[in-house]
Amino acid sequence: MGVKGLQYFMERCCPESCVTVNLRELARQHVSKTTNISSSPTLVVDGMACLRHWYLCKNWVCGGQWKEYMSILQRWVETFTSAGIHLVFFFDGMVEEKKRHEWVKRRQRVNGEVSQIFRYIKSNGVQPGKDLFNLPSGLATFTRFALRSLGQDVFCSVQEADYEIACYARRHGCMGILGQDSDLIIFDSVPYLSVAKLHLGRLTTVLYDRETLCRAIGLNVSQLPLLACLLGNDVVPEERMQTIRNDAMAAYRKPHGTAHCSAPQGQKVLAVSQFVSSLWGKEEEETHLIPQSLKLPAADRKLLEKGICSYLLAGPEVPQQNSPPLITATFEKYVSPEILKACREKHVSAEGFMVYNVLCEGVIECSNSLEDEEDRELLPQAVVFKSSRQRIYGLLLLNRHDDSTAEPPAIREWFVYPGNPLKEPDMVLPVPICTPCERPNLDLLWFGSGPDVSGLRLMSFLSIFDCQEFAELYGVVEDFLLTALCLVTYIVLQVPSMCSEDVDAYLSQAVCLKLKSLQELQQIKPPFLCSRAIQLGSLYVRGLSYMLGANCASGYPLTNAALMPWQSFDGQLFHSKYLLAHSGTEQMVLLDNHPSSLALFLQLREKHVEVCKKRNRDLQSQPKVSILEESQSSCYRDEHTDGDDNCRERSETSFRGWRRESGRRSGGNSRAKLQERPAHGGRGGGQYSYFHPPSVDEGARNIRPEQTRSRRRPSRGRYQLAPRWCQPPAPGT
């Protein structure tokens with residue numbers, strides 16, 4: 001993100017513009033200059049830029065170590081507040097269409113990295129090293145709620161987040177912006193401070209000084225937006241201004257050669273700066289965004305103007321085109337003005353999820369998830385949760401406040417999943433929810449009161465996930481367990497390859513998590529990693545985010561706190577339970593030999609099975625993990641080596657010993673022999689199912705392919721082929 005090569009130039013060719021500062025001292029200086037002595041110095045934090053620096057948990061591939069992550073966030077916040085610094089956090093709330101091409105390019109690049117992650121895990125059975133690090137799914141979404149729970153001011157943008165950050169910081173006279181985006185150098189706002197250079201213990205970092213930069217390159221601060229666009233940024237692709245840069249480089253090298261800065265990137269910035277300076281030097285009274293002396297085709301000039309406007313902060317001197325109306329509602333004729341107002345307020349204050357994007361933009365997006373494109377048995381999360389999203393859209397849009405019967409248009413979904421080229425959005429139609437009564441009125445759900453309305457909210461929420469029967473558990477079990485049961489049941493109803501062992505893993509870890517301390521969770525060390533369990537972990541966390549959207553659309557029948565992953569999910573704990581469940585471990589051992597936990601688990605499981613039977617879903621036992629010593633002669637490395645070549649001890653000292661130790665710790669016995677699922681259609685035969693992604697509610701057609709000796713799974717493209725397991729695979733597959 002940001003301006004191509006600008007930050008590199010400042011660090012390598014203009015080091016005087018990069019100043020190491022102590023944030024405590026900076027705060028004291030800021031207080032001494034302000035007239036309002038009662039207010040604390042405020043630092044505006046770009047939350048999206050901080051995610052990689054916040055997630056310091058050693059394990060990231062299993063779905064997220066959420067309790068540990070919460071403790072890291074709490075320590076981070078406390079460090080600043082103890083220094084007397086007030087924090088305000090901003091997160092991206094949408095992707096502007098003018099930046100969609102850059103968003104797509106980044107998502108496609110990450111897709112390649114995700115494929116490498118799964119290939120590594122299937123080959124080595126351990127988490128890859130830092131070079132393939134990928135943030136857990138949903139981290140940005142849940143971090144907003146985490147920071148709110150810590151008492152912090154959190155905002156979600158309705159425009160480009162960088163723009164809103166710069167506007168807020170300048171309007172409120174903040175001490176600085178903490179982020180990692182060179183666009184923050186271009187905005188004429190408060191000082192930009194680097195989160196990548198932040199030393200939390202000392203509270204020191206690097207300040208990128210735009211004034212010093214301007215003196216070094218011979219420009220005014222007001223000329224930086226044009227420089228940024230000519231160099232290339234998220235609005236103006238680098239290749240569009242290549243000719244101008246080539247001409248500027250040629251003109252620069254005639255008198256200068258390479259003496260001023262030998263680095264090619266440094267030469268480019270200096271050359272374009274000289275070119276920009278020459279344009280205004282000839283036209284001092286220039287009032288246009290782009291000097292008339294810059295000859296450009298009409299399309300390029302329009303694009304350049306759009307890019308420059310994206311840097312002009314709100315004020316009387318800024319052209320009106322950069323100031324959007326207060327509410328731009330795509331579906332305003334389908335909902336009341338009160339709904340739109342409440343929708344925007346909850347979005348901006350980071351209390352809601354999905355609803356604003358649907359009602360006010362008509363488009364939602366979802367970034368990359370950890371999904372194995374070679375595993376044709378598990379559907380991607382975008383397909384699994386499609387029907388729930390359709391019902392959310394239906395709840396929001398199919399209950400009009402006027403008498404019109406016109407159907408709303410489809411929602412544009414930009415969802416990343418293997419096989420989707422992201423050339424255009426998927427068009428998804430709203431679907432009505434099924435409740436015992438009439439379709440609930442949205443104004444009643446959001447603004448009504450009384451026990452009848454509360455019951456209607458809960459039933460609307462459960463109907464989105466086709467789990468209305470679970471209403472009788474409300475108040476009987478804790479809300480986070482109710483949502484976990486609802487989510488697991490929905491996944492089972494949507495994914496034909498889910499088996500009883502998967503359900504046991506999901507529910508046992510949700511029940512056991514509350515009794516685990518942070519230290520106990522950190523000590524969990526599965527003997528190897530299974531790619532299928534990794535995808536199931538990511539699937540669960542993504543599901544929690546859609547439950548947030550459903551909760552918001554239904555008028556908040558549950559607290560958002562009940563839907564947070566640190567309540568019902570831990571990646572390593574789930575992975576451990578998955579391996580135990582699929583290796584035939586007894587239920588008492590699976591529940592840590594805790595009688596009350598076992599009773600609660602059995603209660604949830606019984607209700608789950610009951611609902612599945614009503615939906616004609618017969619859940620089967622299909623163990624999918626083989627004993628390590630019977631598998632290929634692979635090395636299973638210790639997690640502490642972070643992916644190096646030191647192997648664990650194999651055979652008994654690995655998986656068999658781990659299972660035996662789990663049984664001893666729990667005071668129970670595990671089964672001596674793993675149950676293997678019999679092959680279908682004779683020895684070595686397999687049975688395959690074809691899935692059709694346009695609707696997750698369609699049935700699956702079974703066909704038998706030709707036999708093949710190859711163990712390699714071809715790419716599934718857009719999810720056409722989904723083989724069932726015919727024999728326990730090698731570990732890590």
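## The chain as a whole

Of the contacts in this chain with a separation of 6 or more, 75% come from residues 24 or more positions apart. Keep in mind that what you have here is a predicted model. The chain holds 28 helices and 13 strands. Of its 733 residues, 58% are buried. About 30,600 Å² is exposed, and carbon and sulfur atoms supply 49% of that area.

Two sheets are worth a walk-through, along with a helix that packs on each and one buried loop residue.

## The seven-stranded sheet

Let's start with the open sheet of seven strands, which mixes its pairing and reads β1-β7-β6-β5-β2-β3-β4 in order. At its edges stand β1 (18-22) and β4; each has a single partner strand, so one side of each is left without a neighbour in the sheet. On average, and ignoring direction, neighbouring strands here are turned by 30 degrees against each other.

Helix α2 (residues 23-33) lies across part of this sheet, namely β1, β6 (192-194) and β7 (204-208). Relative to β1, helix α2 runs at about 85 degrees.

## Strand β3 and its two partners

How many residues of strand β3 (residues 86-91) are buried? Five of the six are, so the strand is largely enclosed by the rest of the structure.

On one side, β3 pairs with β2 (residues 42-46) in the parallel sense, over five bridges. Two of the residue pairs are easy to pick out: V45 has F89 as its bridge partner in β3, and D46 has F90. If you're following the side chains, remember that in a regular strand they alternate between the two faces of the sheet.

The pairing with β4 (residues 153-156) is parallel too, with four bridges joining that strand to β3. F89 turns up again here, standing opposite V154 in β4. Put together, F89 is bridged to V45 and also faces V154.

## D181, in a loop

D181 sits in the loop that links β5 (176-179) to α8 (183-186). Is D181 buried or exposed? With a relative accessibility of 3%, D181 counts as buried, because the cut-off for that label is under 20%.

What does the side chain of D181 reach? It goes to the backbone nitrogen of D183, at 2.9 Å. There is also a long-range neighbour to look at: the C-alpha atoms of D181 and A49 are separated by 7.7 Å, although the two residues are 132 apart along the chain.

## The three-stranded sheet

Further along the chain comes an open sheet of three strands, ordered β8-β9-β10, again with mixed pairing. The edge strands are β8 (363-366) and β10 (426-428); each has a single partner strand, so one side of each is left without a neighbour in the sheet. From one strand to the next, the twist averages 30 degrees.

β8 and β9 (residues 411-415) run parallel and are joined by four bridges. Within that pairing, E365 has W414 as its bridge partner in β9, while C366 is bridged to F415. With β10, strand β9 pairs in the antiparallel sense over three bridges, and one pair to find there is R412 with M427. As for cover, four of the five residues of β9 are buried.

## Helix α17 on the sheet

Which helix packs on the three-stranded sheet? That is α17 (residues 386-397), which touches β8, β9 and β10. The direction of α17 makes about 150 degrees with that of β9.

Helix α17 is mostly covered, with 12 of its 12 residues buried. The buried set includes charged-looking letters as well as greasy ones, so here are a few to click on: among them are K386, R389, R391, I392, Y393 and L397.

The length of α17 checks out as well. At 1.5 Å a residue, its 12 residues should span 16 Å, and the end C-alpha atoms are 16 Å apart, which agrees.

Note on methods
Residues numbered from 1 in each chain as written. Predicted model: local features only at pLDDT ≥ 70, side-chain atom pairs only at ≥ 80, totals over all residues. Heavy atoms only, no water. Pairing = 2+ DSSP bridges. Axes fitted to C-alpha atoms, helices over the stretch in contact; angles between N-to-C directions. Contact = heavy atoms within 4.5 Å. Expected span 1.5 Å × (residues − 1). Buried < 20%, exposed > 50% of the residue type's maximum accessible area, 1.4 Å probe, protein only. Polar contact = N/O pair within 3.5 Å; in protein donor to acceptor, adjacent residues only side chain to side chain. Areas by Shrake-Rupley, 256 points an atom, 1.4 Å probe, with all protein chains shown as cover.
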